[in-house]
Amino acid sequence: MNGGNRNRGGRLVHLRGARFRVAVGLLVVAMLSACTSNGSSGPETGLEDPGDCIPVDMVVSSEKLALLTELAQEFNDSSRAQLDGGDCGFVRVRKVASGAAATLLANGWPDRTVNGDPPTVWSPAASSWGAVLNQRLAEKGDPAMAPASDSFMVTPLVIAMPQPMAEALGWPGTPIGWEDVLRLSRDPQGWAAYGHPEWGAFKLGKTNPNYSTSGLHARLAQYYAATGKTSDLTLEDVERPEVVDFARGIESAVVHYGDISLTFLNNLYRNDARGTALSYVSAVAVEEKSVLDYNRGNPDGILDPGETARKPRVPLVAVYPKEGTIFSDNPFIVLDAPWVNAKARVAARRFETFIQRPVAQRRALKGGFRPGNSSVPVGNPITAANGLDPNQPQTLLEVPKPDVLTRVLDKWEDDRKRARVLLLLDVSGSMGEPAGNGTKLDLAKRAAIDALALFADDDEVGLRIFSTGLGPDSSKDWLDLVPVGPIAQNREMIAQRIDALTPVAGTPLYSSTRDAYDEMVAGYDAERINAVVLLTDGRNEDDRNTDLDGLLKALRGQSTGEQSKQVRVFAIAYGEDADLETLRRMAEATNAQVYDASDPTTISAVFTSVVSNF
């Protein structure tokens with residue numbers, strides 16, 4: 001690799017899949033609080049006051065937030081921030097997921113009270129997202145906003161594997177790639193074929209390509225692996241039966257999807273602490289930088305105040321796919337937007353020069369990125385001791401032409417693993433409290449109904465409500481309104497039943513969650529992603545069942561011996577009174593995640609993030 005290769009990510013086009021079109025409408029509603037337990041989906045606000053200086057707002061993808069925040073602070077305190085005429089620039093950095101930022105920019109950065117001020121500078125994970133933005137604008141007859149830009153640091157997509165698993169496949173001496181992932185995913189013996197029956201089946205962590213750069217790049221790498229090419233992927237290639245079969249085989253090993261890869265790394269880290277890392281996931285498609293962060297004991301790349309890094313018991317190693325891979329090139333895009341004035345543009349360019357200096361490039365390298373220019377060679381910490389290889393990747397893949405890329409993304413709807421989901425909605429009395437232009441329940445109903453469009457017709461979805469005093473004799477804690485079944489048949493009925501919901505009484509959180517989980521385990525389908533989506537605005541109010549530890553034990557499958565039947569509980573903490581910490585523990589017990597919708601008006605965006613797992 002050398003610093004002269006710019007914009008390796010190539011060019012993308014508008015993502016036109018049906019699920020993505022719906023998601024765009026939902027995500028723009030309230031990006032600020034569409035935050036998962038990792039705090040990674042929505043923009044962070046609380047920006048410093050620039051005083052008399054010219055603010056240069058910069059939105060970045062989450063993996064480089066810490067580094068750019070530090071560099072911005074150094075720039076602001078230096079003489080380089082001084083502009084002609086006595087002015088000064090003041091760079092303020094916050095994170096917004098790459099796909100979400102493209103959507104917000106394409107829509108003129110709406111609702112600034114929620115989404116913050118629009119940026120002067122945008123640095124998505126890959127320059128490809130700038131092409132996505134320009135394509136969306138062109139379709140509306142608007143001028144391009146994202147000019148071609150240089151990268152200032154890069155990181156390749158890798159297949160991250162726990163070291164013992166990689167060694168079982170012959171790492172580091174034997175090249176490993178997507179072909180091996182496919183073979184393992186289809187082998188009924190799973191890891192027993194390599195002498196490790198205790199590891200179970202091969203399990204893959206992979207993000208939704210419509211939201212995540214790593215998911216997008218993994219999808220492209222799979223198609224290239226299936227064709228044996230490294231460039232010039234064609235429409236004919238992606239339609240070939242053997243290529244379709246290859247792609248679907250890879251997806252069959254996915255444990256669940258999601259909008260960010262940090263979900264998998266944080267879950268793996270928690271399992272590592274319990275000594276169960278090798279039973280959670282076998283491989284995760286992530287950037288090289290994330291492998292380094294994980295092995296340093298900081299899986300999300302950001303240490304909170306008081307948090308101490310703990311190196312994992314079982315480190316990850318970066319497998320550079322033998323078929324080739326793609327770089328995330330982290331461009332520095334000074335936007336051609338109406339809100340960017342000339343002085344802010346000058347200050348932004350000053351900051352760009354500041355971070356391209358060798359000293360800043362060495363900081364990027366220290367943080368786990370490869371330098372974006374040749375002024376600094378690749379070296380420590382990109383080393384074998386950290387599970388990485390500075391001499392890889394040997395083969396780079398070309399991002400295909402727009403029509404081919406669009407088809408690859410659209411076909412994900414056909415190829416992805418299907419889901420079996422029970423929606424478990426709280427209808428307790430507190431859901432009748434005012435929120436927005438109605439009640440909390442009104443907002444939740446609209447969000448849930450909209451989210452139904454994100455499921456494929458052959459996903460299986462059901463609806464259950466819970467509260468005290470349900471049923472004809474007011475003795476039940478929950479009621480099934482629509483049984484789990486193909487949503488093509490259930491969609492309208494679920495929407496109608498949701499629309500008719502009214503608040504009732506208390507919150508039997510523990511018993512209702514346990515019963516829903518047990519039912520999904522009993523009907524477990526190994527060919528699908530099995531999950532409960534739990535939305536609640538309160539705490540457990542059931543005096544008959546206060547045993548949280550017993551519930552957590554059951555959710556881990558320990559009480560029934562059903563650990564192999566992975567039913568995940570994705571929990572939404574809705575409103576300020578929701579028991580976020582308990583919901584977090586419940587979600588983590590099933591290797592899922594909690595979503596924070598403490599501001600009820602953000603529930604649409606949160607629901608979209610939840611459904612991205614399926």
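This briefing walks through some charged residues, a few buried ones and some backbone oddities in the structure above. Keep in mind that the model is predicted. A search of the whole structure turns up 40 salt bridges, and we'll look at a few of them up close. We'll also stop at a surface patch of negative charge, a buried lysine and two cis peptide bonds, one leading into proline 381 and one joining glutamine 392 and proline 393.

**A negative patch on the surface**

- Start on the outside: Glu48, Asp49, Asp52 and Asp77 come together on the surface as a patch of negative charge.
- To find one member of that patch, go to the loop that runs between strand E1 (35-36) and strand E2 (54-60), where aspartate 49 sits.
- Aspartate 49 has a relative accessible area of 63%, and the bar for exposed is over 50%, so aspartate 49 counts as exposed.

**Helix H16: a lysine and an arginine to compare**

- Helix H16 covers residues 402-415, and lysine 411 is part of it.
- Is lysine 411 buried or exposed? With a relative accessibility of 4%, lysine 411 is buried, because anything under 20% gets that label.
- If you skip the neighbours within four places in sequence, lysine 411 touches Arg219, Tyr223, Val238, Glu239 and Val244.
- One of those contacts, Glu239, has a salt bridge too: glutamate 239 pairs with arginine 407, and their closest N and O atoms are 2.6 Å apart.
- Glutamate 239 belongs to helix H9 (residues 235-239) while arginine 407 belongs to helix H16, so this pair ties together parts that lie 168 residues apart in sequence.
- Both partners are partly exposed: glutamate 239 has a relative accessibility of 36%, and arginine 407 has a relative accessible area of 29%.

**More salt bridges**

- Aspartate 336 forms a salt bridge with arginine 345, and here the closest N and O atoms are 3.4 Å apart.
- In that pair, aspartate 336 is partly exposed at 40% relative accessible area, and arginine 345 is also partly exposed, at 25%.
- Another pair to look up is arginine 539 with aspartate 579, a salt bridge whose closest N and O atoms are 3.2 Å apart.
- Arginine 539 is in the loop between strand E17 (528-536) and helix H20 (548-555), and aspartate 579 is in the loop between strand E18 (567-574) and helix H21 (580-589), so the bridge links parts 40 residues apart in sequence.
- The two ends of this bridge get different labels: arginine 539 is partly exposed at 46% relative accessibility, whereas aspartate 579 is buried at 11%.
- Some salt bridges share partners, and in this way Lys206, Arg219, Arg248, Glu251 and Asp415 are joined into one network.
- You've already met Arg219 from that network, as one of the residues in contact with lysine 411.

**A buried phenylalanine**

- Phenylalanine 466 is found in strand E15 (residues 460-470).
- Its relative accessible area is 0%, so phenylalanine 466 is buried.
- How many residues apart in sequence are phenylalanine 466 and glycine 275? The gap is 191 residues, and in space the two are 35 Å apart, going from C-alpha to C-alpha.

**Backbone oddities**

- Between asparagine 380 and proline 381 the peptide bond is cis, and its omega is near 15°.
- Glutamine 392 and proline 393 are joined by a cis peptide bond too, with omega about -5°.
- Proline 381 lies in the loop between strand E11 (370-371) and H16, and proline 393 is also in the loop between E11 and H16.
- Tryptophan 109 isn't a glycine, yet its phi is positive, near 55°.
- You'll find tryptophan 109 in the loop between helix H3 (98-106) and helix H4 (112-115), and it is buried at 1% relative accessibility.
- Which value does phi take at asparagine 591? Phi there is near 60°, again a positive value in a residue other than glycine.
- Asparagine 591 sits in the loop between H21 and strand E19 (594-597), and with a relative accessible area of 8% this residue is buried.

Methods. Residues numbered from 1 in each chain as written. Predicted model: local features only at pLDDT ≥ 70, side-chain atom pairs only at ≥ 80, totals over all residues. Heavy atoms only, no water. Patch = residues over 30% accessible without salt bridge, like charges linked within 9 Å, V, L, I, M, F, W, Y side chains within 5 Å. Areas by Shrake-Rupley, 256 points an atom, 1.4 Å probe, with all protein chains shown as cover. Salt bridge = Lys/Arg side-chain N within 4 Å of Asp/Glu carboxyl O. Lys, Arg positive; Asp, Glu negative; His and termini not counted. Charge placed at Lys NZ, Arg CZ, Asp CG, Glu CD. Helix = DSSP H or I, 4+ residues; strand = E, 2+ residues; numbered from the N terminus. Buried < 20%, exposed > 50% of the residue type's maximum accessible area, 1.4 Å probe, protein only. Contact = heavy atoms within 4.5 Å.
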